[in-house]
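Let's take a walk through this protein together. Open the structure, and we'll begin at one helix before stepping back to the domains.

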Amino acid sequence: MNEIVSIDRRKFIIGAATVGSGLAIGFSLPEGGPTVVRANDGSPELNAWVVIRPDDTVVIRMARSEMGQGTITGLAQLVVEELECDWSKITTEYPTPGQSLARNRVWKDFSTGGSRGIRTSHEYVRQGGAAARMMLVQAAANQWSVPVSECTVAKGVITHTSSGRTLRFGQVAEAAAKLEQPKEIPLKDPKDWKVIGQPIKRIDTLEKVTGKQVYGTDLKLPGMLNAAIRESPVFGGKVKSFDASKATGMKGVRKVVQVGDSAVAVVADTWWQAKSALDEVKIDFDDGGNAKVSSASIAKMLEEGLSADQAFVGNDNGDAKAALAGAAKKVEATYFYPFQNHAPMEPMNATARYTADKCEVWVPTQDGEASLAAVISASGLTAAQCDVHKINLGGGFGRRGAFQDYVVQAVQIAKQMPGTPIKLIWTREEDMRQGRFHPIMSCKLVGGFDANNNLTALHMRLSGQSILAAVRPAIVQQNKGMDPLVFQGLARGGEHGFGYTIPNLLIDHAMRNTHVPPGFWRGVNINQNCIFIECFMDELAQSVGQDELEFRRKLLDKHPKNLAVLNAVAEKIGWGKPPPQGRFYGLAHMKAFAAYVAAAAEISVSADGKKVKVHRIIAATDPIYAVNPAQIDRQVAGSFVYGLSALFQQACTVKDGCIVEENFDTYDSMRIAQMPKVESIIMPSGGSDPWGGVGEPTICVAAPAVINAYFKATGKRLRSVPLKDLDVSMV
Amino acid sequence: MAKLTINGRVHDLDVDPQTPLLWAIREQAGLTGTKYGCGIAQCGACTVHMGGEAVRSCTVFVEDAVGKEITTIEGLAQGATLTKVQQAWVDHDVPQCGYCQAGMIMAVSALLKAKPKPTDADIDEAITNICRCGTFQQVREAIHAAAKA
Ligand code: FES
Ligand code: FES
């Protein structure tokens, strides 16, 4: 390897000695040879992704995070496919973002969100595996003085075919590491894949069933203290003053500190002591003028937006307004979607150690580089003085990527106790109050038909919160004030493209932002958009007495992949044939995150319409390529738990400027008794389309499929989430 | 001070008797497999066995656990030998993020002790743990597999 890496070796050695990161890299110049980059146990690195130990263990290094989706297992499959090593001999490590930065971002993007973990890294990760294999085979060929073309490789063993000689990866790794990186790295034709596409078991299960996996909340560092925190419950509020006189005398309490200008934390020997003492701190918050905001005041603002003159156009063709004015028949409906919290099982947490010349943080994060940026700015130190040790997440769902507020807090506390590692854990209540919430949105839809009952026009007016305006204002600025992400699933083509062809179309957004901070919540804007469009499609079809599937098919004829997933679920559930006695079907579909998804739900409803049993959901997904069908199957079923909990049970409401729901007693989540049978159809269409995502797209189709089935059962159209507020619950 | 018997070992813990058992297990006994999820007996992430029964340890005071046999997730496997439930969890590739799974496994282990061949209805009634990743489909399969094993 000729790459000259200038890096402070000491930094990596310190990294090696710390808990939470298994990875450490050292560099050495073997006598006379070119630079070989080495792991701290001395094993040579073939490239950033692959280290091979003398015992043939292959260490695969991944920048993306494991938060439950099986991303790391899938990425390992991609590397192993090209590397041709033995699956049973692999182990994985996270590089730290600081290490990546010091090597010119060799591991590229750390962000694990937007269902991008695999789909946007598959190429360079496979190339990492392929390049390493090429170097290993070359090294073996060199040793035998034979051409590479006479060698084959399988399961980590290189064979010289004619003589039958073999060498293991571990035996040639040293020599291979000294070779030039190949310039051309051809990848396998997908039809030759042996590891990609297989339903391989996850590689991280044993630790999880024995209680051995260390989550952020479980971290133990020498001399560590624990912190509990309370931030102004009114967003934007500040600490005016606080009285810690009672708390400071309590057992185990070391310090009560203000954190930034909006929070107070107690640091104690144990977290329970810190939390108990925090309950005794009297904090006087200045509400910053937002204490008058309520769900009702927000609803009023959204309602006004539904008919406002000014709106950003996300998708249009023809002249929808004129066509609607001249339509023979018009159909109109208004839908609503509330704020929701991610509520991952593991509450937000981070552990920080600060000294005048170094700051390190251990954190379950979806984006190590975003965490590092937060550490740098909160500590006031330089990038080279900071690093982040990633820990596997107890759920993320979008809360732990772009938002690093808990990291900032941990550093701010640690700065007030230099040298002492501080583990900050939020209570569930803090986690519920200080979310980055699913945006609130209303939608008014108007459809127009000609005299022959052909749909000629559709106007969808969205009114509600923009995530990007709060989180990525630069993108909104570039788009002249518009948030393009609002139109996920409704956009003009692209990975979130609208599938229906309607001669006169207008989809626009009246941006109505609130003081409640919005965030990327699994699926992001497809959750509400899929309900809006797919429920209204049923309304339109029913208004002209047409079959809901046939109606869609006509409008989807230019989008065969949309049609294919819809047809797949319709066929499997037996759409068109009468359902079993007392059962009702509903359909929905969407394109999102470059994947095509559809669902057919089968439900029954109690006579009074108040209790819904979702018996089964058939779900089709076309992610273009399917790396691990067993894990995709789990993502589909799991996303329905998340999506149906949201549909039936979850809303974060606002009173006096604060979030009302503070724990799972008022913010319920589905239990096993309510779980439908999920039958997934994984139908990768392959070809040259960009790879689609898996973790998020399917979440959005469960809710509209169930709502559509509910109408079939009762004749009643549900247009507002959560259904519990309409006195409809899931049993 | 409190004497707690956890996984067959007596721990002399320097802990306020009004501390929730969950936090004594995690912070004083140092066994972090048992998780905090809600603190109000809603989610089940903190489930342990006390006197052979599944309890949500976030709402049990240390003083009420004194003298009782407490088992946590760390006390299930004997060395490298997993229990039937843990093995079924591995075979069915149940966990996603895994954070709820210790509590889930403890709740299921108690159910199978009381009802070695649970029906789906028994499972629905007894297993009320929250899993935000949504592993329920695999959890149900694995429970039936463990019952058959
Ligand atoms: S932490 Fe005990 S039930 Fe949730
Ligand atoms: S596996 Fe993540 S919460 Fe259950």
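The buried residues of H18(A) are covered by parts of chain A that include helix H17 (548-555) and strands S24 (584-592), S25 (595-605), S26 (611-622) and S29 (677-682). Those buried residues are A:Asn562, A:Leu563, A:Val565, A:Leu566, A:Ala568, A:Val569, A:Ala570 and A:Ile573. Here, buried means under 20% relative accessible area, exposed over 50%, and partly exposed in between (1.4 Å probe, protein chains only). Helices (H or I, at least four residues) and strands (E, at least two) are DSSP runs, numbered from the N terminus. Right after H18(A) comes A:Gly574, with a positive phi near 85°.

A quick word on what you're looking at: this is a predicted model, where local features need pLDDT of at least 70 and side-chain atom pairs count only at pLDDT 80 or more, while totals for chains, interfaces and linings use all residues. Residues are numbered from 1 along each chain as its sequence is written, chains are lettered from A and ligands numbered from 1 in the order in which they are written, and side-chain values use heavy atoms, leaving out hydrogens and water.

Now zoom out. Chain A splits into domain 1 (3-210), domain 2 (218-288 + 348-425) and domain 3 (295-340 + 437-730), with bounds from an automatic or database domain assignment. What joins domain 1 of chain A to domain 2 of chain A in the salt bridge count? Just one salt bridge. A:Arg105 and A:Glu369 meet through their side chains in a salt bridge at 2.7 Å, N to O (a side-chain nitrogen of Lys or Arg within 4 Å of a carboxyl oxygen of Asp or Glu).

Definitions and conventions. Contact means heavy atoms within 4.5 Å.
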